[in-house]
Amino acid sequence: MRFYNLGILTVVFLANISYLVSASRDTPFVKGVYFDRIITVVLGSSSYDVSMQDSYLSSLAQEGISLTNFHAIWHPAQPNYFAMICASKGGVLTDFTVDVDGPSLPNLLEASGVSWKAYIENYPGNDFTGDNTKDELYYRKYNPFISMNEIRNNHTLVSKIVNADEFVEDIAKESLPQYVFYTPNTRNSGHLTDLSYASNYLRTKFIPLIKPVLTNSRTLLVITFDESTYFDHFNLKKYNQIYTVLIGPNVLTSYIHVDELRYNHYSILPTIQLNWNLTELGTGDDKKATPLSPYLFL
Ligand SMILES: *[C@@H]1O[C@H](CO)[C@@H](O)[C@H](O)[C@H]1NC(C)=O
Ligand SMILES: *[C@@H]1O[C@H](CO)[C@@H](O)[C@H](O)[C@H]1NC(C)=O
């Protein structure tokens, strides 16, 4: 969004207007209650305790708000990705390639004029529907968007699933959409490497890349993991507990850095619905999730 570079007068001006169309681009801008943009980046399997032992990840938790009781909802990984955009597991319980019927978050964003893109590292583009690339850096199971029939079969929508090279370009052009889902490749996410590799990727590549975005706009960064590595069914507190941190200029960090409420992968979607007054998915699952507390935002 360009508006923020124009100085404080523009920001004040924006505060009274709920919907604006940029004159220079045809990207509509819909003002949100808690944030004007959300970027969710998803790393690969790691448990909360182990993630917090990583010095960089724990320092990021100090920069924003750490959700210290946040849980993935299933093992293996794939259903967690559907949870984030469907408000349900989409009927999927495994990592096998599936085609899923029904609406997902992008349909709601489209209906309300909120721009979005899914940036997937090493995604070959051209509506690629294969399970993975030969080099195994891209796996479809970490790109839930392509498995949604209503997205994959719609030219306008499927073209918004892009290779993450476009992320760099869009930041440079100041044309980052308002909803961003970001999947690092299987090395950078830690899936084929380990947690310290993923942490180092965040520290040296991803965070420096988006720092200007976070300082120039009401952008909320959500760093999360798809699932934990534990299968501890007997300990509700620890069950599938994962590291999730909120960072951004509109996150309240003046006196607290943690929220101990129990959240899970269903919690971000209703927060986004509230933020932009989106309609419901109509899948019946919307109302069960606990959205993030409004008190976490300035
Ligand atoms: C594709 O999606 C766009 C945006 O939501 C919608 O306007 C259009 O009707 C859809 N096209 C088809 C063929 O469903
Ligand atoms: C939210 O959207 C509904 C229509 O879906 C509308 O009636 C309501 O006024 C909107 N609320 C706000 C705060 O914009």
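Here is a short chat about the fold of this predicted model.

User: How many helices and strands does the protein chain have?
Analyst: Let's start with the overall picture. The chain runs to 298 residues, and 47% of them count as buried. Its secondary structure adds up to 10 helices and 12 strands.

User: In what order do the 8 strands of the open sheet line up?
Analyst: The pairing in this sheet is mixed. At the edges sit β7 and β11 (258–259), each pairing on one side only. Reading across, the order is β7-β6-β8-β3-β9-β10-β4-β11.

User: Which residue of β7 stands opposite I120?
Analyst: Strand β6 covers residues 116–120, and β7 covers residues 161–163. The two pair in the parallel sense over 3 bridges. Within that pairing, Y119 stands opposite V162. As for I120, the β7 residue opposite is N163.

User: And which residue does I120 stand opposite in β8?
Analyst: Strand β8 spans residues 179–183 and runs parallel to β6. The two are joined by 5 bridges. Opposite I120 in β8 you'll find T183.

User: How many of the 5 residues of β6 are buried?
Analyst: In the sheet order, β6 sits between β7 and β8. The strand is mostly covered. The count of buried residues in β6 is 4.

User: Which helix gives the largest share of the largest nonpolar core?
Analyst: That core has 77 residues, and I38, V180, Y182, L221, V245 and L246 touch the most other members. The largest share is 8 residues, and it comes from residues 195–216. That stretch is helix α9.

User: Which residues does Y182 contact, leaving aside neighbours within four places in sequence?
Analyst: Y182 is one of the core residues that touch the most other members. Skip the neighbours within four places in sequence, and look at what is left. The contacts are I39, T40, V41, Y119, A164 and F167.

User: Why do the buried residues of α3 sit on the same side of the helix?
Analyst: Helix α3 covers residues 55–63, and its buried residues are L57, L60 and A61. They end up on the same side of α3 because they span only a small part of the way around the axis, an arc of only 105°.

User: Which residues of α3 are exposed on the other side?
Analyst: The buried residues of α3 pack against α2 (48–52), β4 (65–67), α9, β9 (219–225) and β10 (245–247). Now turn to the other side of the helix. The exposed residues there are S55, S59 and Q62.

User: What do the buried residues of α10 pack against?
Analyst: Helix α10 (residues 268–275) is mostly covered, with 7 of its 8 residues buried. Those are I268, L269, P270, T271, I272, Q273 and N275. They pack against β3 (37–43), α4 (78–86), α5 (105–111) and β9.

User: Is N277, in the segment after α10, buried or exposed?
Analyst: N277 isn't a glycine, yet it has a positive phi of about 50°. Most residues other than glycine have a negative phi. For burial, count the other C-beta atoms within 10 Å: N277 has 11, and 12 or fewer is the cut-off, so the residue is exposed.

User: Where does D127 lie, and how exposed is the residue?
Analyst: D127 has a phi near 55°, a positive value in a residue other than glycine. You'll find D127 in the loop between β6 and α6 (149–152). With 13 C-beta neighbours inside 10 Å, D127 counts as partly exposed.

User: Which peptide bond is cis, with omega near 0°?
Analyst: Most peptide bonds are trans. For the cis one, look to P76, in the loop between β5 (70–71) and α4. The cis bond runs from H75 to P76.

User: How far apart in space are K237 and F70, C-alpha to C-alpha?
Analyst: K237 lies in the loop between β9 and β10, and counts as exposed with 10 C-beta neighbours inside 10 Å. In sequence, K237 and F70 are 167 residues apart. In space, the distance is 9.4 Å.

User: Which residues are around ligand 1?
Analyst: Sorted by class, the shell has 1 nonpolar, 2 polar and 1 charged residues. By name, they are E110, N154, T156 and L157.

Technical notes. Residues numbered from 1 in each chain as written. Chains lettered and ligands numbered in written order. Predicted model: local features only at pLDDT ≥ 70, side-chain atom pairs only at ≥ 80, totals over all residues. Core = buried A, V, L, I, M, F, W, Y, C linked by C-beta atoms within 7 Å. Buried ≥ 20, exposed ≤ 12 C-beta atoms within 10 Å, placed from the backbone. Contact = placed C-beta atoms within 7 Å. Arc of directions from axis to C-beta. Near = placed C-beta within 6 Å. Nonpolar A, V, L, I, M, F, W, Y, C, P; charged D, E, K, R; others polar. Pairing = 2+ DSSP bridges.
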